[in-house]
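Student: I would like to go through this model by its contacts, its helix and its pocket. Please show it first.

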Amino acid sequence: VGMTEESCEKAFEPFVRYDTETEGSGLGLTIVKDLVERVLKGTIECFSDNRGTTFKMYLPVEVIYEAN
């Protein structure tokens with residue numbers, strides 16, 4: 001019951017909406033992608049199959065170690 005492959009590819013485009021029964025501007029995932037990539041320096045991906053749709057975010061981790 002997930003999104004189609006084409007829908008996943010377009011999910012991050014501005015003003016794209018898949019549910020016409022709820023209110024919204026279609027900017028939510030566009031804003032999320034912008035924050036993840038520009039502010040957090042990560043990536044976000046959309047995956048979908050017959051069980052549903054999953055969005056995976058990959059965020060960099062910086063490990064700081066100070067020896068005494």
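Student: Which residues does Val-36 touch, leaving out residues up to four places away in sequence?

Tutor: This is a predicted model, in which local features need pLDDT of at least 70 and side-chain atom pairs count only at pLDDT 80 or more, while totals for chains, interfaces and linings use all residues. Residues are numbered from 1 along each chain as its sequence is written, and side-chain values use heavy atoms, with hydrogens and water left out. Contact means heavy atoms within 4.5 Å. On that basis Val-36 touches Lys-41, Gly-42, Thr-43, Ile-44, Met-57 and Leu-59.

Student: Which residues make up the largest nonpolar core?

Tutor: A nonpolar core is a set of buried Ala, Val, Leu, Ile, Met, Phe, Trp, Tyr and Cys residues joined through side-chain atoms within 4.5 Å. Buried means under 20% relative accessible area, exposed over 50%, and partly exposed in between (1.4 Å probe, protein chains only). The largest such core has 5 residues: Cys-8, Phe-12, Val-36, Ile-44 and Cys-46.

Student: Is Met-57 buried, partly exposed or exposed?

Tutor: Met-57 lies in strand β2; helices (H or I, at least four residues) and strands (E, at least two) are DSSP runs, numbered from the N terminus. Its contacts, not counting residues up to four places away in sequence, are Val-36, Thr-43 and Ile-44. Because its relative accessibility is 47%, Met-57 counts as partly exposed.

Student: How far apart are the C-alpha atoms of Met-57 and Ile-44?

Tutor: Along the chain, Met-57 and Ile-44 are 13 residues apart. Met-57 also touches Ile-44. Their C-alpha atoms are separated by 4.3 Å.

Student: What distance separates the C-alpha atoms of Phe-55 and Leu-29?

Tutor: Phe-55 is placed in strand β2 (residues 52-58), and its relative accessibility of 32% makes it partly exposed. Leu-29 is among the residues that Phe-55 touches, together with Met-3, Ala-11, Phe-12, Glu-45 and Cys-46, not counting residues up to four places away in sequence. The two are 26 residues apart in sequence, and their C-alpha to C-alpha distance is 10.0 Å.

Student: How far apart are the end C-alpha atoms of helix α2, and what should the helix span?

Tutor: The expected span of a helix is 1.5 Å times one less than its number of residues. Helix α2 (residues 28-39) has 12 residues, so it should span 16 Å. The end C-alpha atoms agree with this, being apart by 16 Å.

Student: Which residue just after α2 takes a positive phi?

Tutor: The residue is in the loop between α2 and β1 (43-49). It is exposed, because its relative accessible area is 59%. Its phi is about 60° although it is not a glycine. The residue is Lys-41.

Student: What is the volume of the largest pocket?

Tutor: On a 1 Å grid over the protein atoms alone, a pocket is an open set of points where a 1.4 Å probe fits, with protein on both sides within 12 Å along at least five of seven lines; lining residues have an atom within 4 Å of a point. Grid points are joined across faces, edges and corners, and a volume is the space filled by probe spheres set on the points. The lining includes Met-3, Ala-11, Leu-27 and Leu-29. The volume is about 160 Å³.
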